[in-house]
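Biologist: I have just started learning to read protein models, and I would like a close look at one part of this one. Could you walk me through the place where its domains meet?

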Amino acid sequence: MQDFNFYTPTQVVFGKKGEDKVGELVKALNCKKVLVHFGGNSAKKSGLLDRVFDSLTQSGIDYVSLGGVVPNPRLSKVYEGIDLCKKENVDFILAIGGGSVIDSAKAIGYGMANDCDVWDFYMKKAIPTGCLPIGTILTLSAAGSEMSNSSVITNEEGWLKRGCNSDYCRPKFAIMNPELTYTLPPYQTASGSTDILMHTMERYFTQGGTMELTDGISEALMRTVINNSKILMKDPTNYEARAEVMWAGSLSHNGLTGCGSIGDWACHQLEHELGGMFDVAHGAGLAAVWGSWARYVYKANVARFAQFAVNVLGVPNDFSDQEKTALAGIEAMEAYYKSIDMPISIKELGVELNDDQIKELAYKCSFQNTRTVGGVKALNTEDMIEIYKMAR
Ligand code: NZQ
Ligand code: ZN
C-alpha cells in the first residue's frame, strides 16, 4: 500500500428537503453575504432557486445571484463572478448545480482570496493560497466536485480545459437531496454515472502494491453504480437508486477510493482535451476513450484488468488464461456503456476527428510534448495519438 493523505472536511447533509437548511448552514459559518451561483434554467424551472432564496432570507442572510454557467464552465464567467463578488462584498459562494457550477464557484473563490490572475493556477504558473468558503447544493451526481479538491475550467482563448487541485477549495458543506436529480435527462444521468465510475477506475487501475481494503470499497462502489444506473434508465424517479448513485459520486472522488493507490488518470487527461475543443459532456467523453485506452495498456497489468473483470463485472475467471479474462472484462464494460446509451467511440460523440485534429489533441494533452500521462503505463504524445486513433 502506498502512503497517503486522506482529507475530507466537507459536511454532508444527505436526504430529502436538505436545501431548506441552507440558510442555517451559511449562518453557522458566520458568513453574511452570499453569491448564489447557478447554471442555465434547470434550478429556476424546478423552483429550487426560489426555495434557496427563501431559506437564506429566513436566516437573515443577504445574497446576490449569478447564473449562466455552461457545461465545461468558462473562464469569462469566472471573471464576471469575481468582479461581482468584489463589488458586493461577498464572503460565501453557494453553488447550485453539477460539477460545472461548483467548479466555477471554486474558481471565483480562488479569485477572491488571491491577487494574481486566477487562470495562472490552472496553467500551474502559481499555487493558490486560499479560497473563499464554498457551499454546494448538488443537482447532478457526476463530477464529485461537492467534496473534491479539484476545479476544471475552460479558457475560451485557445479552448484549453485545465484543472487546479488544492484543499482550499473543498466545500464547507454539500447538500445532497437525491430528489433534486429526478429531472435529469437520461443522457446526463448516464454521463454522470460514467464519470462516477471513472473516478474510481482511474484510481483502481494502478501499478502500485496491494490495497485489499481500498479495492473492496472500490469494487462495491463500481458494482453499485452499474446496478443503479441501469435502474435509473428505466425508472428515473427511483429514490433509492438516485440516492445510491449520488452518494457513490461523492465517495468516488473525495479521495476514499484512492487511499493507497497512485492512480492512472490518463482517460481524464485525454477527455479534457476533447471537452475543451469539442464541448462534449465529460462522462460521455470518458466512455468514448476508455475501451481504446484499456486495450492499449492492459498488458502492462493483466492481473488488475482480470480482477476488475471478475469482481466488478461478474466475468467468469479463466484461471488458465488471465489475458482472456482481462479482455472479456473490457468488452463487458463497453457492453454496460452501450446499455446506458453511452458512446464507446469518439464518432458516437458526434465528433469526426481527422489526423491533424488528433495530433493537436495529443500535443495539447502532452502539454506541448513536455509530459506523459497515466500510471498503468506512461503515455507520451505518440501513445496518445494511437489511443485517439483507436477511439475515433
Ligand atoms: O445549466 P442547467 O440548466 O442547470 O443544466 C445542466 C447542464 O446542462 C444540467 N442539469 C444539472 N442538474 C440538473 C440538470 N438538468 C435537469 N435537472 C437537474 N437536476 O446538466 C447539464 C450538465 O451539467 P454539468 O454541471 O456540466 O455536469 P457535470 O456535473 O457532469 O459536470 C461536468 C464538469 O465537471 C468537470 C468536468 O470536466 C466538466 O467540466 N469535472 C470536475 C471535477 C471536479 N471538480 O472534481 C472532476 C471531474 O473529473 C470533472 O473533470
Ligand atoms: Zn471526471
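Biologist: Into which domains is the protein chain divided?

Modeller: Happy to help! This is a predicted model, where local features need pLDDT of at least 70 and side-chain atom pairs count only at pLDDT 80 or more, while totals for chains, interfaces and linings use all residues. Residues are numbered from 1 along each chain as its sequence is written, chains are lettered from A and ligands numbered from 1 in the order in which they are written, and side-chain values use heavy atoms, without hydrogens or water.

The protein chain is divided into domain 1 (9-178) and domain 2 (183-389), with bounds from an automatic or database domain assignment. Their C-alpha centres lie 26 Å apart. Where they meet, 28 residues of domain 1 are in contact (heavy atoms within 4.5 Å) with 28 residues of domain 2. About 2,300 Å² is buried between the two domains, and carbon and sulfur atoms give 60% of that area. Buried area here is the accessible area (1.4 Å probe) that two parts lose on being put together, summed over both. On the domain 1 side, Ser 141, Lys 161 and Pro 178 lose the most area to domain 2, together 24% of what that side buries.

Charged side chains take part as well: there are two salt bridges between the domains. A salt bridge is a side-chain nitrogen of Lys or Arg within 4 Å of a carboxyl oxygen of Asp or Glu. Arg 162 forms a salt bridge with Glu 273, with their closest N and O atoms 2.9 Å apart.

Now look at Gly 144, in the loop between strands β5 (134-138) and β6 (150-155). Helices (H or I, at least four residues) and strands (E, at least two) are DSSP runs, numbered from the N terminus. Leaving out residues up to four places away in sequence, Gly 144 touches Gly 249 and His 253. Gly 144 counts as buried because its relative accessibility is 1%; buried means under 20% relative accessible area, exposed over 50%, and partly exposed in between (1.4 Å probe, protein chains only).

Finally, find the zinc ion (ligand 2), coordinated by Asp 195 (OD), His 199 (NE2), His 268 (NE2) and His 282 (NE2) at 2.0 to 2.2 Å. Two of these donor residues link distant parts of the chain: His 199 in helix α7 (residues 186-204) and His 282 in helix α11 (residues 282-297) are 83 residues apart. Both His 199 and His 282 are buried. Donors are N, O and S atoms within 2.8 Å of the metal (3.2 Å for Na, K and Ca); water is not among the atoms, so sites may look incomplete.
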